[in-house]
Amino acid sequence: MLILFGTMSSIACAADEASQDNAGVAKSEATAEQKATEADQKAEEARKAAELKAKTEEAVKAKTEKEEELRQQRDEAAAQKQQEAAELAANDPLREIWASQRTMLDSVIKQSTTLSKRFLSDVSVLEQIRPVEQDINRQLVLVNEFQTYPSPLEAVSRRLGISADLVNTIILSAATVQLSAHDLLQQLERSADSMAEIALTKYGDTAEYMEQINTARFLLTAIITRYASALAPARALVKKVEQTRSEISAKLPELWKNYYTQKPVSWLSGSEWEALPRALGYFGISIELRKAVELPLTTTQWQGALSRFVITLVAMGLLGYLLCNQFLRSYPEIQRQVLRSSLPWNVFGMALIAASYTPSLELFRLFLALGNLALIMGQVTLAWQLRRIKFPDITREKSPIFALVPLTFAAYIFLYLPLPRLLTLVLWLACLVVNIWICHKSPDLDLGKMQLEKSILNLQPVVLWPCLILCIIGLHFYSMVVYLLFTSLCVAVQISVASLSFLSRINESLDNEDTSTMWLSFLLAISAPVVLLLAAAVVSLWVGTLPGGLDLLQFYIFKSVSIGETQLNFMQVLLIATAFFLARTAARMGKNLIAKMPDKGMKLDRSLITPMQTAYVYFIWLLFGFFVLKSLGMNLSNLAVIAGGLSVGIGFGMQTIVNNFISGIILIFSRNLQVGDVVEVGTVVGRIKQINVRATVVETYDSAVIYVPNSAFVSGNLTNWTSNSRTTRQQVTVGVAYGTDTELVSRLLLEVANKSSEVLAFPKPVVQFQAFGASTLDFRLLFWVKDYDLATGVASQLRFAINKSFAEHNIEIAFPQMDVHLKRDPAPRPAGRRPAQALPSRRMRPARTRRAPTRQAL
């Protein structure tokens, strides 16, 4: 045991020693391993440090290279900019502008010096004004002498105008330098303003530049001042002349009125005849004085008048020839007469009138008078030829109105020439007496149905006698004016009637199937008021041709009459009246044009016709209303105030009117109702005749016209029997006696309906067994007719046919019946009286009444 124990102990010790040896070996191995690991870590750290150092060195090197590259780029950019700056400096546009500005300044200074040297030579031109100034002073003296004589005063005013034009021409030629200096000064100011900033900021010669500018300004201002001082007297003279002419123009209407309304000439007085030779001595002076008013005086005036005459002559001749070929080719004889006589007179007269007007709107009276006389001949001839179109049976080529022309020409000549009043009276009196004798001896002309010309010729003696009486009492001016007014009105009426008749004939000859003719017809209708306006212009032209006539026309036509704050004159009234007739004609013809559009092949729904017509008419009258307000000088912004007042009025007392108005607009544009529809509103049944904005016109079948307020159609129940179509279903009710064959009744009713030509085959007629009545079997025949207006008549015809058919087949049309039964009285019978017997029941029919015979039958 002990050995075993010792052995085991030794074994344990050996084991312990072995384990300790193993632990030491392991520890040493661990230590070696740790040292190796530390060596590896140091080697790794050294490697990393080396790599980091290499990277750092590379980064530094790259940075250095980058900085070197950027430095080189900066150097290159700087060099390039320096080169560009050098190039810009070499090619600086401002330097060129500056140089050109300096050159311009030098040129201005040079021109200023030259203009200053021209002053004396230009001022010497003003010496030409002195004789003109003396002539003007003489004419101003004549103005004071002729203060109350319109004819010489007008002539002096025209001569003053010619002298003032001559002075203006001289001033303009002398003021050329002044105008040039003024333009140069403006150019210098603009250049100085635009270049001063550049000069101050960049260039060093600013002081020299500004000094030269001031020098040029001084020279130019001095030139302008010297010329203004030299030309001031001439300009003051022109201003004085213009002021004098304005004063004369303001006085002339009153002077001409006094001239024509002078007191009567005492032609039977010896003193008047004694003063006649002295008055005749002034005739030549007056003619010489009025040359400036009657005819051009300068070559320039003659050239202008001749050019206007030729241009108007050619233009109006071609236009008249084209119009004749267009509208008179259907009447070759009339066309030949118009081209041979009427057209030359009218064209020549219009050319003379065009030549009489100057660019300054002054007139050469002689050209105007001759042109008006030529127009008188042309108008009389044209009116007669147009009248012959309506009366082709009249073969007379010369107008009977030519009987008025000789005395008309005599009146014009006497009024035109500055003859003494006594001599004018005597000559006019002699002409009146001769003309009255000619009218008395002349035979009546056969003018057929031309009542207008007959009336004019019959009125001529009636007018001549009052003219003779006025002349005898010394009012010969009144006498001549009355006769001229009569002649001008006769010609104006004749040409108006002839023109309107000719336009109507052209309108009737147009092709109604052509769409384009609708617009031509519309334009022809619009031209009718224009013709009347031209007729009024003809009368005005006759008056304007008289001496002082234009002054009187301008004075009285444009003379304003104050009505409150509104200024109204005759021209405004004439324009408003003309616009009214044009608007009315345009509205009427436009409605007709719109109504005919579907018939002309235009794809337009007929239900749109009424709304389009209403909108068009209200648009036309709205334009007319704005035109009137603008013509009266009313500010359209005041309409807002008017609208505010209307809103208050609507709120208090116009609700019904506005309600009907709005309802009318709704009815028109909603197209629920159309003209011709059969409607039932309330107790009214009838056909729509017209839809207005306030009420709708309904014609009943009793031919009564009822005006139904539009609000009744909108707010109440409305039945439109023909809104979908004119076809409508009707019915006829009939009752037959009990026991009648119902199949036979149905067959007969259908036969009657089918035989009627007014009953439509489709939808088919239908018979309905309606009810078992108290005394009848009630049937209803339903059928369709093509038009609602035929319904009542067709129903009546069917009733006649039904009655006849039922009578042929012994079918009784029953009527209300009543059976009366008498019962025995259960009460005791009185003594001595026979018992009553029961009466048989019988059917009681109502007694038929006989019509009393009429008095005629008796």
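**A small tour of a sheet and an aromatic pair**

Me: Six bridges join β9 to which strand?
Reply: Quick caveat: this is a predicted model. The partner strand covers residues 777-785 and runs antiparallel to β9. Within that pairing, Ala-771 stands opposite Asp-778. The six bridges join β9 to β10.

Me: In what order do the three strands of the open sheet come?
Reply: Start from the edges: β8 (728-736) and β9 (766-772) each pair on one side only. The pairing is antiparallel, and the twist averages 25° from one strand to the next. The order is β8-β10-β9.

Me: Which helix lies across β8, β9 and β10?
Reply: Two helices come up here. Helix α26 (residues 791-808) lies across β8 and β10, at about 30° to β8. The one you're after spans residues 742-755 and runs at about 20° to β10. That's helix α25.

Me: How many aromatic pairs does a search of the whole structure find, and are Tyr-260 and Phe-477 buried or exposed?
Reply: The search turns up 16 aromatic pairs. Tyr-260 and Phe-477 make an edge-to-face pair, 5.7 Å centre to centre with 65° between the planes. Ring pairs also link these two with Trp-256 and Tyr-259 into a cluster. So the count is 16, and both Tyr-260 and Phe-477 are buried.

Me: How many residues apart in sequence are the parts that the Tyr-260 and Phe-477 pair ties together?
Reply: Tyr-260 lies in helix α7 (residues 206-260), while Phe-477 lies in helix α17 (residues 476-509). Because the two rings sit in those two helices, the pair ties together parts whose separation in sequence is 217 residues.

Key. Residues numbered from 1 in each chain as written. Predicted model: local features only at pLDDT ≥ 70, side-chain atom pairs only at ≥ 80, totals over all residues. Heavy atoms only, no water. Pairing = 2+ DSSP bridges. Helix = DSSP H or I, 4+ residues; strand = E, 2+ residues; numbered from the N terminus. Axes fitted to C-alpha atoms, helices over the stretch in contact; angles between N-to-C directions. Contact = heavy atoms within 4.5 Å. Phe/Tyr/Trp six-rings, centres within 6.5 Å; stacked < 30°, edge-to-face > 60°. Buried < 20%, exposed > 50% of the residue type's maximum accessible area, 1.4 Å probe, protein only.
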